[in-house]
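Hi,

Here is the structure I promised to pass on. Have a look at it first, and then read on for what turned up when I went through it.

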Amino acid sequence: MVAHRAAPILVASNRGPVSYTLGEDNTLTAKRGGGGLVSGLSAIGPDAGAVWVCAAMSEGDREAVRRGEGDTQTRMLGIEPDVFAAAYNSIANSVLWFVHHLLFQTHLEPLFDENFRQDWAAYETYNAAFADALAEEAAEGATVLVQDYHLSLAPAMLRERRPDLRIGHFSHTPWAPPDYFRLLPDDIGAELLTGILGADRAAFLTRRWAEAFAACCADVLGAEVGQDDAGELTVTHEGRTTRIGVHGLGADADFLRERSRQDDVEERLAALRSEIGPGRRTIVRVDRTELSKNIVRGFLAYRQLLTEHPEWRERVVHIAFAYPSRHDLAVYREYTAEVQRVADEINAEFGTDGWQPLLLHVKDDFARSLAAYRLADVALVNPIRDGMNLVAKEVPVVSDDGVALVLSREAGAFEELGDDSLVVNPYDLRATAHALHEALTMAVDERAERTKRLAASATALPPAQWFLAQLSELERP
């Protein structure tokens, strides 16, 4: 185990860089994770002495903690399963995610009763466990980067335990505007905001989300919002000032381009072309079956396209990858079933012996996603609300022949990619259908030029630079 107070740099997140599976023969198998954080942390090198604090999420993870498995760069916390379930499912994913993505059906929900209060106490316990571990692992004056809505309370808790540390918090989600944020009980909303304000610097994916957070602080806490000499927003509350930054996570161009040319991708590309049929155009979407991704409205807009523009029948195929997400929550299982139902309806209404208008795949397959990126004529990214949406950034990077991007104005990626996209209101089916038609009819030269500009914008801050930029700004006086 790493000696206490030894790590100069620490990352804290719910999900860590490794996960464990417990086999029938009681053996543990470790699997390394991917994503921006893993890529970013690797940029500082293995000799930097960094430590990643994360939660044991599965029975395999918890068994690994019991056995003392792992390396000196990862500390996995064996939080009690009932505490973890309440904090993760009942609060983080069923309340905070819904608030920040504006997902509540407010005629029925939310309902903040005594069960909610019990779950909230578990969320506090969960955050305190991270604060304790970080306080133990951090060297004097260390830099700590706390990640996301699962750990909104941890910065203030850590500040109480270790005032010598430089603490940052990064939100990977949108941030709700004040009127919607105030759905939360007043004391809970205030606790969330003051939790993040325990950091020296709180950062977001876009200026819009940063400004929403600052507005909530002003509205709920009466905090003073200003600007520092470097042009960053500041929030001052109870004598402490927290700087508010923006780092728009970009796509990893080198990884994507190399990975998208490997043999397994080529095999899936050939299979997809066979499914589509010769000479047909393609509209591609790749999502988790997450409520905010707006898959059902995307399908309905495609149906409207086929209704209003019958000339596209037999000439276009919509490829939709909707990978399972959060199926331990009933609302997600129901949503996945609705996605399948609408897809089946469209195929029944328009399909012919030689043409299936919508190809829906629900099994996660990254190589197949990359194959779809390469052949897409049109990419549809129409979330209700999204912190960034890396799919919008990844497709132009690996596209073979250029892609027209139909993009929701409510995606964080709109801030960087909007000028070269066909921008839509994600609730407006007619406008989305019109944008799909415009994208399908876009001239080849224009599509190619737009793709070049989209790819350049999408890769402006790749994961390693994104991570290092946060470290650099946090260490700035």
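What sign does phi take at Gly-222, just after α8? Positive: Gly-222 sits just after that helix with a phi of about 70 degrees. Before going further, keep in mind that this is a predicted model, and the values below are computed from it.

**Helix α8 and what surrounds it**

Let's stay with α8 for a moment. Does its length fit the expected span, or does it not? The 15 residues of α8 (residues 207-221) should span 21 Å at 1.5 Å a residue, and the end C-alpha atoms are 21 Å apart, so the two agree. The buried residues of α8 are Trp-209, Ala-210, Ala-212, Phe-213, Ala-214, Cys-216, Cys-217 and Leu-221. They pack against several elements, including the helices α6 (178-181) and α7 (186-196) and the strands β8 and β9 (224-227). When you look at that list, it helps to know that an α-helix has 3.6 residues a turn, so residues three or four places apart point the same way.

**The nonpolar core**

The largest nonpolar core has 168 residues, and Trp-175 and Phe-299 have the most contacts inside it. Helix α3 (residues 81-100) gives the most to this core, with twelve residues. Try clicking on Trp-175: leaving aside neighbours within four places in sequence, its contacts include Trp-209, Ala-212, Phe-213 and Cys-216, and these four are also among the buried residues of α8. Other contacts of Trp-175 include His-100, Phe-204 and Arg-385.

Another helix to look at is α5 (residues 154-161), where Ala-154, Pro-155, Met-157, Leu-158 and Arg-159 are buried. Among the elements that cover them are α4, β6 (138-147), β7, α7 and β11.

**Cavities**

How many cavities of 30 Å³ or more are there? The count comes to two. The largest has about 50 Å³ of space, and its lining is made up of Leu-145, Gly-168, His-169, Arg-201, Ala-202, Ala-203, Gln-470 and Leu-474. Three elements give two or more residues to that lining: β7 (166-171), β8 (201-204) and α18 (463-475). The largest share, three residues, comes from β8. Sorted by class, this lining has four nonpolar, three polar and one charged residues.

The second largest cavity has a volume of about 30 Å³. Its lining includes His-100, Asp-148, Tyr-149 and Trp-175, and by class it has three nonpolar, five polar and one charged residues. Trp-175 is thus a residue to remember: it lines this cavity and is one of the two with the most contacts inside the largest nonpolar core. His-169 is worth finding too, as it is in the lining of the largest cavity and in that of the second largest.

**A pocket**

The second largest pocket holds about 620 Å³ of space. Of the 27 residues that line it, Phe-98, Leu-103, Phe-104, Glu-109 and Val-331 are the closest to its centre. The helices α3, α4 (114-137), α11 and α12 (330-350) each supply at least two lining residues, and α3 has the largest share, with five. By class, the lining has 17 nonpolar, six polar and four charged residues.

**Backbone oddities**

Some background first: most residues other than glycine have a negative phi, and most peptide bonds are trans. Here are the places I'd look at with that in mind:

- A cis peptide bond joins Glu-109 and Pro-110, with omega about 5 degrees. Pro-110 is in the loop between α3 and α4.
- Leu-102 is not a glycine, yet its phi is positive, near 55 degrees. Leu-102 also lies in the loop between α3 and α4, and it counts as partly exposed at 29% relative accessibility.
- Glu-314, again not a glycine, has a positive phi of about 75 degrees. You'll find Glu-314 in the loop between α11 and β13 (316-323); at 35% relative accessibility, it is partly exposed.

**One last residue**

Is Glu-308, in helix α11 (residues 295-308), buried or exposed? It is in between: partly exposed, with a relative accessible area of 43%. Glu-308 and Gln-470 are 162 residues apart in sequence and 48 Å apart in space, C-alpha to C-alpha.

Happy browsing!

Key. Residues are numbered from 1 along each chain as its sequence is written. This is a predicted model: local features need pLDDT of at least 70, side-chain atom pairs count only at pLDDT 80 or more; totals for chains, interfaces and linings use all residues. Side-chain values use heavy atoms; hydrogens and water are left out. On a 1 Å grid over the protein atoms alone, a cavity is a set of points where a 1.4 Å probe fits but cannot get out, and a pocket is an open set with protein on both sides within 12 Å along at least five of seven lines; lining residues have an atom within 4 Å of a point. Grid points are joined across faces, edges and corners, and a volume is the space filled by probe spheres set on the points. Ala, Val, Leu, Ile, Met, Phe, Trp, Tyr, Cys and Pro count as nonpolar, Asp, Glu, Lys and Arg as charged, and the others, Gly among them, as polar. The expected span of a helix is 1.5 Å times one less than its number of residues. Buried means under 20% relative accessible area, exposed over 50%, partly exposed in between (1.4 Å probe, protein chains only). Contact means heavy atoms within 4.5 Å. A nonpolar core is a set of buried Ala, Val, Leu, Ile, Met, Phe, Trp, Tyr and Cys residues joined through side-chain atoms within 4.5 Å.
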